[in-house]
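Hi,

Here is the structure I promised to send over. Have a look first, and my notes follow underneath.

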Amino acid sequence: MSKHILFIQGAGNGGYEVDTKLVASLQAALGKDYDLNYPRMQADKAAPDFGWPQQIGKKISVIKGEVILVGHSFGSSMLLKYLSENKVKKKIAGIFLISTPFWSGEEDWKKGFKLQENFADKLSNEVSVFFYHCRDDEEVPFSHLTLYMQKITRATFREISRGGHQLNNDLTLVALDIKSL
C-alpha cells in the first residue's frame, strides 16, 4: 500500500513549474511505495493569504488515509498557517518544510501571511516536524530558520551549507527523513 504525500509548491512567477524539479527529485528518492500528489495552487488576489490555506485544507481532505505533508517556501509557510489555525481530522504522519519564510513586519501585504503568536502551541505534538534551509538561500534569509528554532523547539532542523532556495533540486535528505517515519 502506497504512502500518500501532498507537496505544496512555492509561489511567485512560475513557482509550480520551478518546483516540479523538487517533486521529481523527491519521487525518485522515495520510490514507488510513495504516491506524491502535487496540485497547482491558485492565487486568489482578493484573499489576504491568497486563499492557499483553504486550498490546502481541501487537498488534505481528499487524500485517502494517512498523509505526509511537504511544502516549499511560501507553500510551507501556508501549510504551517493552515495546520496551526484549523482542526485537521486527517492523520498526518509528518510535516517537512523547505526554505520556509517567517513572515514578520507591519506591512499590509504581509498581514495575511503571518502566523499567530502562539502558532507552535497549536501544532500536534504527535506529528514530527522537519525544517530544511540552506545557508546560501538567495530568496529566504537563513535567519528565518533561527526564528522557527525559537518557536518550535521540538522540531528537527536541517541546516544545509549549500544548495540555494531550491536545495540544488535535490531532496534526497528530505526523502531519507520521510522514510525514517
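In which sense do β5 and strand β6 (residues 156-160) pair, and over how many bridges? The two run parallel, with five bridges between them; strands count as paired if DSSP finds at least two bridges. Phe131 stands opposite Phe157 in β6. On strand β4 (residues 92-98), five bridges join it to β5, also in parallel, and Ile98 has Tyr132 as its bridge partner in β5. Six of the seven residues of β5 (residues 128-134) are buried, so the strand is largely enclosed by the rest of the structure (buried means under 20% relative accessible area, with a 1.4 Å probe and protein chains only).

Please keep in mind that this is a predicted model, where local features need pLDDT of at least 70, side-chain atom pairs count only at pLDDT 80 or more, and totals for chains, interfaces and linings use all residues. Residues are numbered from 1 along each chain as its sequence is written, and side-chain values use heavy atoms, without hydrogens and water.

Ser77 may interest you too. It sits in helix α3 (a DSSP run of H or I, at least four residues; strands are E, at least two) and is buried, at 1% relative accessible area. Its side chain reaches the backbone oxygen of Phe74 at 2.8 Å, and a polar contact of 3.1 Å links the side chains of Ser77 and Trp103 (N or O atoms within 3.5 Å, one able to donate a hydrogen and the other to accept it; residues adjacent in sequence count only if both atoms are side-chain atoms).

Best wishes

Technical notes: Buried < 20%, exposed > 50% of the residue type's maximum accessible area, 1.4 Å probe, protein only.
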